[in-house]
Amino acid sequence: MAGARQAQQWLLTLLPAFPVLLLVLRLWQLSRQDMSTMLLLVQYVSPLGLLSALLIALLWALPLAVLTFGVLGRLLRLSAPDRFEPERSLLASWTARTPGWVLTAGVALGALTWQLRFLPTLLMLGLWLLALRTRYLFPDQPTRILLVSVGLPVAAAVLAYAVLGPAIWAAASRGEVTTAALLAVPPAASVLLTGPVPARVAPTLTHGLAYVVAAVLPLVMGAVFLRVPVLPTAAVEMGAAEPADGAPDDGAERASADPAAPEVLVGALITVTDTSTIVLDETGVVRFLPNGRVRSQALCPQDAGAPYSVVAVHGWPVEATALDWMMPQRPLADPDVRCDGRAPTGG
């Protein structure tokens, strides 16, 4: 009793600190490891904005954790019931206290937030959970067990290959081995873990995999979040060009430049005070721009980034999520030249 309860207390203590740690690391990275810049960001950056960026970027991780630990815990309970001790094992305690609707919600959330190339993995985890649950709750109904453990996974695999077959072939022919494996392997693997494993290896296998997932998942989440923008990108047009902060004042160079020519600075907009517009430029330097010099501002869209894969499933790119299809798309508009660091020609 004391072992699992003490582990739960430590987990509940450390779990809320993990998002805070991610937010601090993101600001530390954004400030280029400069403490003064970081303190400035902490002063002006909205905590709600940081939390919103964290939630949107890492929403996929919740169903992954719920479903993975759910499968491992139910596999342990079915394979080695004498070693399934909620009082001593955190994995067993989690399994015993997690209701079925949480797993169902995890599958539904994953279906909305996971990219198409990961949906076969979601199908595999869902079928494993259903089969393990059926074997545990209805051990005296072999027909039902056979239908859920064999018939349903085989039918799901046939349907999945019928839908994904052209995409698997396209990914393999283009040399996208990872994409082809993500689409091809999980449907076939869905029939492999629908029953118990040998009791002598079940505790070591399930707890070992649980520790690996618990160690790797935070690292992956941190790596993903450290690439997420947490400040709006803006282009600020100023009325006259001046040397950059810290740059030498070269009189000959300034004489050759047009003093009335506008200057456009593109960077992360921190805040606007009564006297200055504070921008973090692309080199990580904080610029305090006098409001009297600011002619205009433009909000620049975030770069979508080049897709890793060009494979699509019936017109659905494998890197798109169901939410991408459900959400209204932003209408196409001509790009603002100020976001490219150029002043408007009509200005």
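This is a chat about the predicted model shown above, working from the whole protein down to single residues.

Visitor: What helices and strands does the protein have, and how many of each?

Guide: In this predicted model, the protein has 13 helices and seven strands. Buried residues make up 39% of its 347 residues, and about 20000 Å² of the protein is exposed, with carbon and sulfur atoms supplying 66% of that area.

Visitor: And which share of the contacts joins residues 24 or more positions apart?

Guide: If you take the contacts with a separation of 6 or more, residues 24 or more positions apart account for 70% of them.

Visitor: Let's pick one spot. Where is serine 89?

Guide: Serine 89 sits in the loop between helix H5, which covers 61–79, and helix H6, which covers 90–97. A side-chain oxygen of serine 89 lies 3.4 Å from the backbone nitrogen of leucine 91, and in this way serine 89 caps the N-terminal end of H6.

Visitor: What else does that side chain reach, say at alanine 92?

Guide: The backbone nitrogen of alanine 92 lies 3.2 Å from a polar atom of the serine 89 side chain. Both leucine 91 and alanine 92 belong to H6, where the buried residues include Leu91, Ala92, Ser93 and Thr95.

Visitor: Is serine 89 buried or exposed, and why?

Guide: Serine 89 counts as buried because its relative accessible area is 9%, and the cut-off for buried is under 20%. You can also place serine 89 against glycine 73, since the two are 16 residues apart in sequence while their C-alpha atoms are 9.9 Å apart in space.

Visitor: What about H5, how many of its residues are buried?

Guide: H5 is mostly covered, with 17 of its 19 residues buried. You can check its length as well: at 1.5 Å a residue, the 19 residues should span 27 Å, and the end C-alpha atoms are indeed 27 Å apart, so the two values agree.

Visitor: Which residues does threonine 206 touch?

Guide: Leaving out residues up to four places away in sequence, threonine 206 touches Leu72, Leu75, Leu76 and Leu91. Threonine 206 itself is in helix H11, and its side chain reaches the backbone oxygen of proline 203 at 3.3 Å. With a relative accessible area of 0%, threonine 206 is buried.

Visitor: Those leucine numbers are three or four apart in places. Why would residues spaced like that point the same way?

Guide: An α-helix has 3.6 residues a turn, so residues three or four places apart point the same way.

Visitor: New topic: how many salt bridges are there?

Guide: The count comes to five salt bridges. One of them joins arginine 117 to glutamate 319, whose closest N and O atoms are 3.9 Å apart. Arginine 117 lies in the loop between helix H7 and helix H8, and glutamate 319 in the loop between S7 and helix H13, so this pair ties together parts that are 202 residues apart in sequence.

Visitor: Are arginine 117 and glutamate 319 buried or partly exposed?

Guide: Arginine 117 is buried, with a relative accessible area of 13%, whereas glutamate 319 counts as partly exposed at 23%.

Visitor: Which side chain does glutamate 237 meet?

Guide: Glutamate 237 meets arginine 295 in a salt bridge, at 4.0 Å from N to O. Because glutamate 237 is in strand S1 and arginine 295 in strand S5, the pair ties together parts that are 58 residues apart in sequence. Glutamate 237 is buried at 5% relative accessible area, while arginine 295 is partly exposed at 45%.

Visitor: And glutamate 263, what does its side chain meet?

Guide: The side chain of glutamate 263 forms a salt bridge with that of arginine 293, at 3.8 Å from N to O. Glutamate 263 lies in strand S2 and arginine 293 in the loop between strand S4 and S5, so the parts tied together here are 30 residues apart in sequence. Both glutamate 263 and arginine 293 are buried.

Visitor: Last one, the outside: which residues form the nonpolar patch on the surface?

Guide: The patch is formed by Leu146, Val150, Val154, Val158, Val191 and Leu192, which together have about 540 Å² of accessible area. Leucine 192 is in the loop between helix H10 and helix H11, and it is exposed, with a relative accessible area of 66%.

Technical notes:
Residues are numbered from 1 along each chain as its sequence is written. This is a predicted model: local features need pLDDT of at least 70, side-chain atom pairs count only at pLDDT 80 or more; totals for chains, interfaces and linings use all residues. Side-chain values use heavy atoms; hydrogens and water are left out. Helices (H or I, at least four residues) and strands (E, at least two) are DSSP runs, numbered from the N terminus. Buried means under 20% relative accessible area, exposed over 50%, partly exposed in between (1.4 Å probe, protein chains only). A polar contact is a pair of N or O atoms within 3.5 Å; within protein, one must be able to donate a hydrogen and the other to accept it, and residues adjacent in sequence count only if both atoms are side-chain atoms. The expected span of a helix is 1.5 Å times one less than its number of residues. Patches are made of residues with over 30% relative accessible area and no salt bridge: like charges are joined within 9 Å, nonpolar side chains (Val, Leu, Ile, Met, Phe, Trp, Tyr) within 5 Å. Accessible areas come from the Shrake-Rupley method with a 1.4 Å probe; for residues, only the protein chains shown count as cover. Contact means heavy atoms within 4.5 Å.
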